[in-house]
Amino acid sequence: MTSFVRPADAGQDPLDEISRDFRPISTHLAITPPVSVVIPAMNEAENLPYVFKTLPEWIHEVVLVDGNSTDDTVAVARELWPDVKVVRQLGKGKGDALITGFAACTGDIIVMVDADGSADGQEIVSYVSALVSGADFAKGSRFANGGGTDDMTPIRKLGNHVLCSVVNAKFGARYTDLCYGYNAFWRHCLDKIELDCTGFEVETLMNIRVVKAGLKVQEIPSHEYLRIHGVSNLRAVRDGLRVLKVILNERSNRVRRGSKPKAARVLPFRTGRGEVS
């Protein structure tokens, strides 16, 4: 067997073409997969400057899902990130917004970030590093070693702990946190899970179904900060009961060993799930 090295054109650096495929993250780390960041937002104009300020410049695209905001959310997003992809949400709820955003993503890696300023975009590098190192799903945890939260009441913390323990016991997971929305995953994971809920419980549904699908999950320590402006739509009792309902439904509808998971119900935006502008 013979081999040869193709000579570079005169005056051309042979590494130029290769380097174009890489996105430098730091002086010692670069990646090739394009990263999409999905931000569901409704009336978050005051918080977006804090959110966008922490986003790393090397990400491929930002997808803002606008839940019919009545303030300047869209205008502020476009001013802060001129290339932002704005998708107008046609349905209601955080789950519906995320499904809409996922459908509009073109990156190989998708990162979920809340629009209230509670998440630090600089942590994205930790999520991406876990994925390129072999994980399918990088799950943020406020209770893993190195994580933390400034925004949980004792009753919410207790509820999260109880629900997390139930999921671990019923599905064989080893989570330290359950109801947290800062996660990242390879886009192909959407082919192995089915997303069919509209509310805050979508995060729990994803955490359960990636385990049921046999995907490799790695927890990432994350710090949750206080919402900067406005009031959260989260209601501890109401949404806790919705999460419990999801857990019970998933337990009764467990995928039998060896069966093929259903394809994800994530519709392309051209079908009318959302409108891109």
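**Notebook: helices α6 and α7, and two loop residues**

I began with I155 and found it in helix α6, which spans residues 154–171. The model I am reading is a predicted one.

Entry 1, I155. I looked up its exposure: the relative accessible area is 57%, so I155 counts as exposed, the cut-off for that being over 50%. I then checked for a surface patch. I155 makes a nonpolar one together with L158 and V162, and I noted its area as about 290 Å².

Entry 2, helix α7. How many of the residues of helix α7 are buried? I took the helix as residues 202–212 and found 9 of its 11 residues buried, so α7 is largely enclosed by the rest of the structure. I wrote down the buried residues by name: V202, E203, T204, L205 and M206, then N207, I208, R209 and V210. E203 and R209 are among them. I also looked at what comes after the helix. G214 follows α7, and I noted that its phi is positive, near 75°.

Entry 3, L55. I located this residue in the loop that runs between α2 (48–53) and β4 (61–66). Is L55 buried or exposed? Its relative accessibility is 6%, so I entered L55 as buried; the limit is under 20%. Next I listed what L55 contacts, leaving out neighbours within four places in sequence. The list reads V37, I39, V62, W81, G121 and I124. For one of these, G121, I looked up the backbone separation as well. The C-alpha atoms of L55 and G121 are 4.6 Å apart, while the two residues stand 66 residues apart along the chain.

Entry 4, N43. I found N43 in the loop between β3 (35–41) and α2. At 36% relative accessibility I entered N43 as partly exposed, since that class lies between the 20% and 50% limits. Which residues does N43 touch, not counting those up to four places away in sequence? I noted S69, T70, D71 and T73. I then looked at the polar atoms of the N43 side chain. The side chain reaches the backbone nitrogen of T70 at 2.6 Å. A polar atom of the N43 side chain also lies 3.3 Å from the backbone nitrogen of D71. Last, I looked up G67: its C-alpha atom is 8.0 Å from that of N43, with the two positions 24 residues apart along the chain counted as their separation.

Conventions:
Residues numbered from 1 in each chain as written. Predicted model: local features only at pLDDT ≥ 70, side-chain atom pairs only at ≥ 80, totals over all residues. Heavy atoms only, no water. Patch = residues over 30% accessible without salt bridge, like charges linked within 9 Å, V, L, I, M, F, W, Y side chains within 5 Å. Areas by Shrake-Rupley, 256 points an atom, 1.4 Å probe, with all protein chains shown as cover. Salt bridge = Lys/Arg side-chain N within 4 Å of Asp/Glu carboxyl O. Buried < 20%, exposed > 50% of the residue type's maximum accessible area, 1.4 Å probe, protein only. Contact = heavy atoms within 4.5 Å. Polar contact = N/O pair within 3.5 Å; in protein donor to acceptor, adjacent residues only side chain to side chain.
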